[in-house]
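Trainee: Could you take me through this model slowly, setting each term against its definition?
Mentor: Gladly; let us look together.

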Amino acid sequence: MAVKIAVTGFGGRMGRALAAAVVQSGQAELSAAVVRRGSSLVGADAGEVAGLGRNGLAIVDDLGQADFDVLIDFTAPDATRDNADFCARKGRPIVIGTTGFDERQKSAVLAQAERVPLCLASNFSTGVNLCFNLLETAARVLGDESDIEIVEAHHRHKVDAPSGTALSMGEVVADTLGRDLSQVAVYGREGQTGARERDTIGFATVRGGDVVGEHTVMFMAEGERVEITHKASSRLSFARGAVRAALWLVAEGRTPGHYDMRDVLGLKN
Ligand code: NAD
């Protein structure tokens, strides 16, 4: 029987891509499409809004009206906190793609992993998660003898910076090198900055146009430089990964806990 997936933030860019990915999976059905309270989309046909043709599913603005086995949430930090709390109370697993959490919001969300399976990832694409493994290798081999900088670019509508993916890449590199990212991160430079300190990890952010998401991590040593780059050209890469994670979370025997996309892909060492 098809797994029933609810999508919150349905009116957003990722909400629509998720609708397409659910249909394409062939193993799941979109059982609820949830938008912000009072949205003009309430009552509209979800398939039509997602550009997939009518599917007879009316959009709602209350998760309490939704019937689902697993929720996929790509919204905003406060909305995600409420939705994770709802899932924990109902005993339903949740996939979270939202980025831009502060520490307090993140720990409130992760606390729900004690009650239900929860998969949180700053990036659900297969390629980026593979890059996390490549970054561990590069950091191990080159990290102590190179300057490490992370450059990311996204469309003009993105509201948080640097991207959650760039921060995750920084964390992977810092953890591998035994550094604390909160101590070594440098977010942008201006004016008389002084010479670069070796142990720092620099971030630079580009915003504009319709760029879906690009990340490059540079390992710059004397005489050579290695760059690991990922370019997303379609939101479907994230949406397909999130649906894969949703199906993985509802698999028999999955226990409550905090998972990420590397668990789903079997990429953990
Ligand atoms: P968007 O602005 O197009 O859509 C966000 C949706 O969430 C909107 O429909 C909005 O109405 C809804 N929303 C926001 N606040 C809400 C609230 N308080 N209550 C109810 N609904 C609310 O953004 P998007 O491009 O679809 O991205 C959504 C989130 O997903 C962002 O945090 C983005 O960074 C993240 N994202 C993650 C990945 C990943 O792979 N993890 C990929 C792309 C985007």
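Mentor: What follows is a set of questions about sheets, helices and domains in this model.

Mentor: This is a predicted model, in which local features need pLDDT of at least 70 and side-chain atom pairs count only at pLDDT 80 or more, while totals for chains, interfaces and linings use all residues. Residues are numbered from 1 along each chain as its sequence is written, and side-chain values use heavy atoms, with hydrogens and water left out.

Trainee: How do you know that β1 and β3 are paired, and in which sense?
Mentor: Two strands pair if DSSP finds at least two bridges between them, a strand being a DSSP run of E with at least two residues and a helix a run of H or I with at least four, numbered from the N terminus. Strand β1 (residues 3-8) and strand β3 (residues 70-73) share 4 bridges in the parallel sense, so they meet the rule for a pair. Ile5, for instance, stands opposite Val70 in β3.

Trainee: What is the strand order of the sheet of 6 strands, and why do β2 and β11 count as its edges?
Mentor: The order is β2-β1-β3-β4-β5-β11, an open sheet with parallel pairing. β2 (28-34) and β11 (257-259) each have a single partner strand, so one side of each is left without a neighbour in the sheet. The twist from one strand to the next averages 20°.

Trainee: What makes you say that helix α3 lies across strands, and at what angle does α3 run to β4?
Mentor: Contact means heavy atoms within 4.5 Å, and angles run from 0 to 180 degrees between N-to-C directions, with axes that are lines fitted to C-alpha atoms, for helices over the stretch in contact. Helix α3 (residues 77-90) lies across β1, β3 and β4 (94-96), at about 165° to β4. Helix α8 (residues 236-249) also packs on the sheet, and its direction makes about 150° with that of β4.

Trainee: Which parts of the chain make up domain 1 and domain 2?
Mentor: Domain 1 covers 3-120 + 235-265 and domain 2 covers 126-232, with bounds that come from an automatic or database domain assignment. Their centres, taken over C-alpha atoms, are 28 Å apart, and the contact takes 9 residues from domain 1 and 13 residues from domain 2.

Trainee: Why is the meeting of Arg262 and Glu136 called a salt bridge?
Mentor: A salt bridge needs a side-chain nitrogen of Lys or Arg within 4 Å of a carboxyl oxygen of Asp or Glu. The side chains of Arg262 and Glu136 meet at 3.3 Å, N to O, so the pair satisfies that limit. The count between domain 1 and domain 2 is 1 salt bridge.

Trainee: Why is the pairing called mixed in the sheet of 5 strands?
Mentor: Strands of a sheet pair through backbone hydrogen bonds, either parallel or antiparallel. In this open sheet the order is β7-β8-β6-β9-β10. Strand β6 (residues 147-154) runs parallel to strand β8 (residues 201-207), joined by 7 bridges, whereas β6 and β9 are antiparallel, also with 7 bridges. Val151 stands opposite Ala204 in β8, and the bridge partner of Glu149 in β9 is Met218.

Trainee: How many bridges and intervening residues go with the hairpin of β9 and β10?
Mentor: β9 and β10 pair in the antiparallel sense over 9 bridges, and the hairpin has 2 residues between the strands, with Gly223 in the turn showing a positive phi of about 85°.
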